[in-house]
Amino acid sequence: MQSSNLHTDPAVPELKSTLTLPQTDFPMKANLPQREPQQLALWDEMDLYGQICQAATEPVDGQPRPTYLLHDGPPYANGPLHLGHALNKGLKDFVVKSKTMAGFNSPYVPGYDCHGLPIEIKVDEQLGRKKLEMPAADVLAACRAYAQRFVDLQTSQFVRLGCFGRWKSPYTTMSRDYEARTLETFYGFLEGGFVYRGLKPVYWCIHDRTALADAEIEYEMHTSPSVYVRYALTSSAATLSPALAGRPVFTIIWTTTPWTLPASLAVAFHPDFEYVALAAPEPNGPVYVVAAALAEQVTSACNLKGFNEIARFSGSSLEHSTFQHPFLNRSILGVLADYVTADQGTGAVHTAPSHGADDFYTGVRYGLDPTCRVDNAGVLRVDSALWPEAEPPAFDGKKVFAANPLIIELLRERGALLAQQDIHHSYPHCWRCHKPVIFRATEQWFIGLETPVTRADGSATTFRQRTIEEIDRVVWDPAWGRERITNMIATRPDWCISRQRIWGVPIAVLLCTGCNEPLLDPALNRRIIVLFEQQGAEAWHAVAVRDLIPAETCCTHCGHGEFRKETDILDVWFDSGSSWHAVAESDPDLRDLYNRPDRTVLYLEGGDQHRGWFHSSLLASVALRNRAPYSHVATAGWTLDEQGRAMSKSLGNGVDPVEVAEKMGAEIVRLWIASVDFREDMAASDNLMKRCSEIYRKLRNTFRFLLGNLHGFDPAAHAVPFADLLPLDRYMLARTRDLTERVLGWYSTFEFHRIYHAINEFAIADLSAFYLDALKDRMYTFAPSSIARRSAQTALWQITEALTRLLAPILSFTTEEVWSYLPAVPDRAPSVHLTLFPSLVSIFPDDSAPVLAEWKSLLELRDAALVALENSRQNKEIGKSLEAELEIFASGEPLALLQKYAADLKEILNVSRVTVHPGSEFRVTVLPATGYRCNRCWNFMPAVSPYGAWEGVCDRCHSALRAMNIQPPVIPTAASPESAQ
């Protein structure tokens, strides 16, 4: 606001110098990349997280704080942070901070997943052939050092992003205590009868040479050879149909894995399907048996022109028929299986028990040999006793995928290949190396999902069913998570928990060298746990068997007295799935809270964890504690670029959160996290970060304007009682209470994006565009001690306090900075993060609904008046709004409302005068303001007069100047002392 003087003598101060303009040292320029590290250092110096934890143990309003435990799912410690990490930890930080400020005791212990193949492979690359000569302990030490490097790096980066927690002592799955607790969890399964060791087909990565669990499988597109192969019927064809007597009969199988054909032992038919015999047109030509529903498709694919149906029979009639293997001296058995489908193929399924789950169990039913002739590296070996020639086949000694074309050529030579083409389809790949995997029957350790268990009421059920029952007791957010994980548990096979590597928790079991059965001894298990607590997993490789058991120990199965150590390690999902026991149930900072009967425990991770950490944690906790490890589960979507593509190094479309923090500030990353609905896939880019930076700038300027108008305000001395506040100020406190109520509700349901939009709208629309603009006349021209100005400052103080606390979980750095500039009050906490959210009654002690409803109607009338003002401005009838006065005509409720707030209309419309008249309909007349413009406040007043050397000052400003003890200035004369100077 500007003003002018009649006299321009430089010795006379300008009239505008008497205005009380906003004043604050809160900087307009954020300089976040420089200021945030300084704030981090201060937080570290004052041990802010320690103070938060201490404060959380203290009662609130005389009542102990309820518990809210967010148990951290460990990110993998093998690289720097990416945006998904920042999103994950940012969301968790919002939750923990908001729960703490809502009055909960909510400690946060971050964790890191440190075992597993990615780290071991990196260490292998570093060690090279030297690894083969190194003791196991040295290899494990190298793996620990590699993992620790990234634990330290990620910790520093999470701290840089403003995430609070016990970062100086996070949990790691490679710590001695954690490894001991993981082993303790395994022994719980073992001693409870859940674990068995057996030969079964499992996903196998031939690149990493280890078994994989379902959760470690990702599906990617892959090109496979598709072949139709005929198997000659060797049993009596006449038993199927008299029409087949004396004819050469074959069935046709279809497969996309020709490399499994050397392991083919059976052909499976569906017992309820109808099968047809398709005969060649020439006499004594071949006859092919396929499912009736697929006959037309097979005829087309195999180019069987002129073939006609000559017989039809049920699939059950093919059981125990026999066929000749297409290139081995082996009889193939006809078997029945209900997994045979009629949507593709031929209705006759080649069955290799060593290379498929369905095939394996079919083989068990029919007594077929499950021996696998593919080794750990995927190299295929032929059974020489079945190969009819002296020279081994070309595929012998080849890796499975390299063997495919060689086997196809062999089929062609033997006349068994009817058709071939390549197909591009979704195929299982290893989650670590992203290479295609195979099914391979090997000796592995499994947890049986059908293990009998007992419910709390003593009734019998299965482990699988008990787990599903616990799923129903959990709150899933989004709700579809319940159905997703239920389906996974309901349909999953037994859990393969063994891996053929070294970097992990050993399956610390002794096996009888006579019968290969495990030695089950709870006392021995306890001794090994203590050993792990003292020495870590290395102990299993260092301590001899004779030092673990008494010399007279014998196998309870065969009586043999010699034992060997199991060399496999536990699946890394078993590692992380044990964290509820290793950390939440055992850590001194968490165990009392986790073990409370009224506990609330949240797991928050990406959607892939329904088959990962959520899944393995659930199984482990139900087996050992008969309950889910969590009460609530929240799921986040994926971070994508603006085109909806997954972020990747190859595309160069990633957003580095650490780089954004270094260039723009961590607050911008945090604001982006708050701006998206994390339950959906969300877009991120440098452009979107820049937009968040612009939103941040507006929020910061709002805070700066609020703080500037609080200059000189001492709440203890100057706060106006609520009943004495001006109506506009009471209304804005009602709006603030309404906002606070909604924000607190959204924090409780993790709808951070709603908080982001609501506070942004409040700051821009309610504050900047309306309230702060309306207050300028009162704040700038009224005496600082006036009740009207103190009323506004009281409201502004309450609003700023509320906004600072409400935004603290999200804009943790900025709100801390604002907190340091707020007017001092007795016993103020040194950090906003040591406070609680504002209570609704502290903002607006009465029922705010009537006030909000009344002002909603009043502001609708205001909007109509502003339209009339703008039209007059466009028609050049007025200039600035203070050059206008309004006559408003209304009737009924609008008239009563306008009359009630007649004294406030001038301020909220920013005009020089408003007059309300009864009228038949609502109407606004805009007139040029009458009277004289005050050179200080620019309002048009009935009269103005000099105030010393200042001309044209209204009576209201006269009173303000006197209240401010500003004496009327005198124009210096030539003879005066002032002119002499």
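Is Phe 889 buried or exposed? Select Phe 889 to begin: its relative accessibility is 16%, and therefore it counts as buried, where buried means under 20% relative accessible area, exposed over 50% and partly exposed in between, computed with a 1.4 Å probe on protein chains only. The model on the screen is a predicted one, in which local features need pLDDT of at least 70 and side-chain atom pairs count only at pLDDT 80 or more, while totals for chains, interfaces and linings use all residues. Residues are numbered from 1 along each chain as its sequence is written, and side-chain values use heavy atoms, with hydrogens and water left out.

**Around Phe 889**

Phe 889 belongs to strand E29, residues 884–890; helices (H or I, at least four residues) and strands (E, at least two) are DSSP runs numbered from the N terminus. Setting aside residues up to four places away in sequence, Phe 889 touches His 917, Pro 918, Gly 919, Glu 921, Phe 922, Arg 923 and Thr 925, contact being defined as heavy atoms within 4.5 Å. Adding Glu 817 to the selection gives a distance to display: the C-alpha atoms of Phe 889 and Glu 817 are separated by 48 Å, and the two residues are 72 residues apart along the chain.

**The nonpolar cores**

Select next Trp 672, Tyr 771 and Leu 886, which touch the most other members of the largest nonpolar core, a set of 142 residues. A nonpolar core here is a set of buried Ala, Val, Leu, Ile, Met, Phe, Trp, Tyr and Cys residues joined through side-chain atoms within 4.5 Å. Helix H23 supplies the largest share of this core, 15 residues. With neighbours within four places in sequence left aside, Trp 672 is in contact with Leu 83, Leu 87, Thr 639, Met 682, Ala 683, Ala 684, Met 689 and Cys 692. Another core, of 74 residues, lies apart from it and includes Leu 328, Val 382, Val 400 and Ala 419.

**Helix H23 and the second largest cavity**

Colour H23, residues 752–781, and look for the kink of about 45 degrees centred on Leu 767; the bend at a residue is the angle between axes fitted to the seven residues ending there and the seven starting there. H23 is mostly covered, with 21 of its 30 residues buried. The same helix gives the most to the lining of the second largest cavity, with 4 residues. To outline that cavity, select Leu 671, Leu 699, Ile 755, Tyr 756, Ile 759, Asn 760, Leu 807, Ile 810 and Leu 811, which enclose about 50 Å³ of space. On a 1 Å grid over the protein atoms alone, a cavity is a set of points where a 1.4 Å probe fits but cannot get out, a pocket is an open set with protein on both sides within 12 Å along at least five of seven lines, and lining residues have an atom within 4 Å of a point. Grid points are joined across faces, edges and corners, and a volume is the space filled by probe spheres set on the points. This lining divides into 8 nonpolar, 1 polar and no charged residues, with Ala, Val, Leu, Ile, Met, Phe, Trp, Tyr, Cys and Pro counted as nonpolar, Asp, Glu, Lys and Arg as charged, and the others, Gly among them, as polar.

**The largest cavity**

The structure holds 6 cavities of 30 Å³ or more, and the largest has a volume of about 80 Å³. Select Tyr 49, Ile 52, Val 96, Lys 97, Thr 100, Met 101, Ser 106, Phe 164 and His 833 to display its lining. Helix H2 (48–56) and helix H3 (83–101) are the elements that give two or more residues to this lining, and H3 provides the largest share, 4 residues.

**The second largest pocket**

Move on to Thr 255, Thr 256, Thr 257, Val 349 and Asp 359, which lie nearest the centre of the second largest pocket among its 32 lining residues. About 1100 Å³ of space lies in this pocket, and strand E15 (417–430) is one of the elements that each supply at least two lining residues.

**Backbone stops**

Finish with the backbone: a cis peptide bond, with omega about 0 degrees, joins Asp 477 and Pro 478. Asp 827, not a glycine, has a positive phi of about 60 degrees, and at 80% relative accessibility Asp 827 counts as exposed.
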